[in-house]
Amino acid sequence: MPTDNKIAGTYEISAVAGYAGDVAPMVAWKILSEHKNAVLIDVRTRPEWNFVGLPDLTALDKKPALVEWQIFPSMQPNPEFVAALSSALTDKSAPLLFLCRSGARSAAAAKAMTAAGYSTCLNVADGFEGPLNAQAKRGVAGGWKAAGLPWRQT
């Protein structure tokens with residue numbers, strides 16, 4: 001599995017078959033901060049972006065790329081996902097950080113883009129909202145929001 005030498009060995013990355021690996025939200029922020037060409041790709045649905053919130057990268061002078069992995073409301077896989085990202089992202093060695101609600105859809109997206117020839121596809125572990133806690137609530141037990149990283153609602 002190919003990885004970009006500027007990333008491999010520099011950051012804490014959990015090895016995963018099919019893509020470069022999983023990173024904690026704070027590590028994702030560090031990569032986005034330290035690599036001008038790094039891109040955060042939020043693969044959740046439009047309703048999630050609109051009602052749950054979005055990562056706020058303005059402090060880094062960046063915006064997340066928003067491309068649905070599954071199309072709402074049918075939740076069928078987006079047949080244009082790889083083509084849409086490939087046309088927008090021409091640097092196949094750029095660090096691509098994939099984010100969804102809890103880390104499952106984003107892992108699938110990282111695998112798809114790795115298969116399309118992108119060498120540094122990383123999944124943000126626990127996603128934007130993280131796993132359910134003991135009270136069956138998301139956003140407090142892990143993920144982007146629980147890590148205290150910037151986010152906003154639209």
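Which residue in β2 is the bridge partner of Ser14? It's Asp22, and the first legend starts from that pair. A quick note before the views: this is a predicted model, where local features need pLDDT of at least 70, side-chain atom pairs count only at pLDDT 80 or more, and totals for chains, interfaces and linings use all residues. Residues are numbered from 1 along each chain as its sequence is written, and side-chain values use heavy atoms, with hydrogens and water left out.

**View 1. The open sheet, with β1 at one edge.** Helices (H or I, at least four residues) and strands (E, at least two) are DSSP runs, numbered from the N terminus. Here 6 strands make an open, mixed sheet, ordered β1-β2-β9-β8-β3-β5. Its edge strands are β1 (14-16) and β5 (65-66), each pairing on one side only. Two strands count as paired if DSSP finds at least two bridges between them. β1 and β2 run antiparallel and share 2 bridges; Ser14 and Asp22 are bridge partners.

**View 2. Helix α1 lying across the sheet strands β2, β3, β8 and β9.** The helix runs at about 115 degrees to β2. For that angle, axes are lines fitted to C-alpha atoms, for helices over the stretch in contact (heavy atoms within 4.5 Å), and angles run from 0 to 180 degrees between N-to-C directions. Zoom in on Val27, which sits in α1. Its relative accessibility is 16%, so Val27 counts as buried (buried means under 20% relative accessible area, exposed over 50%, partly exposed in between, with a 1.4 Å probe and protein chains only). Setting aside neighbours within four places in sequence, Val27 touches Tyr11 and Glu12. The C-alpha atoms of Val27 and Ala125 are 9.9 Å apart, although 98 residues separate them along the chain.

**View 3. A salt bridge along α1, between Glu34 and Lys30.** The N to O distance is 3.1 Å. A salt bridge here is a side-chain nitrogen of Lys or Arg within 4 Å of a carboxyl oxygen of Asp or Glu, and the whole structure has 3 of them. Why are Glu34 and Lys30 about one helical turn apart? Because they are 4 residues apart in helix α1 (residues 25-34). Glu34 counts as partly exposed at 43% relative accessibility, and Lys30 counts as partly exposed at 41%. Side chains of opposite charge can pair when their charged atoms come close.

**View 4. Two buried salt bridges, Arg44 with Asp42 and Arg105 with Glu48.** Arg44 and Asp42 meet at 2.7 Å, N to O, and both residues are buried. For Arg105 and Glu48, the closest N and O atoms are 2.9 Å apart. That second pair links distant parts of the chain, with Arg105 in helix α4 (residues 104-115) and Glu48 in helix α2 (residues 46-51), 57 residues apart. Glu48 is buried, with a relative accessible area of 13%. The side chain of Glu48 also has a polar atom 2.7 Å from the backbone nitrogen of Thr45. Leaving out neighbours within four places in sequence, Glu48 is in contact with Gly53, Arg101 and Arg105.

**View 5. Helix α4 and what covers its buried residues.** α4 has 12 residues and spans 17 Å from first C-alpha to last, close to the expected 16 Å (1.5 Å times one less than the number of residues). Its buried residues are Arg105, Ser106, Ala107, Ala109, Ala110, Ala112, Met113 and Thr114. Their cover includes β2 (19-23), α2, β6, α3 (81-88), β8 (96-99) and β9. Just after α4 comes Gly117, with a positive phi of about 105 degrees.

**View 6. Backbone oddities in two loops, one of them between β6 and β7.** The Phe72 to Pro73 peptide bond is cis, with omega near 10 degrees, and Pro73 is found in the loop between β6 (70-71) and β7 (76-77). Met75 lies in the loop between β6 and β7 and has a positive phi of about 60 degrees despite not being a glycine. Met75 counts as partly exposed, at 31% relative accessibility. Asp126, in the loop between β9 (121-124) and α5 (143-146), is another non-glycine residue with positive phi, near 70 degrees. Asp126 counts as partly exposed, at 34% relative accessibility.

Key. A polar contact is a pair of N or O atoms within 3.5 Å; within protein, one must be able to donate a hydrogen and the other to accept it, and residues adjacent in sequence count only if both atoms are side-chain atoms.
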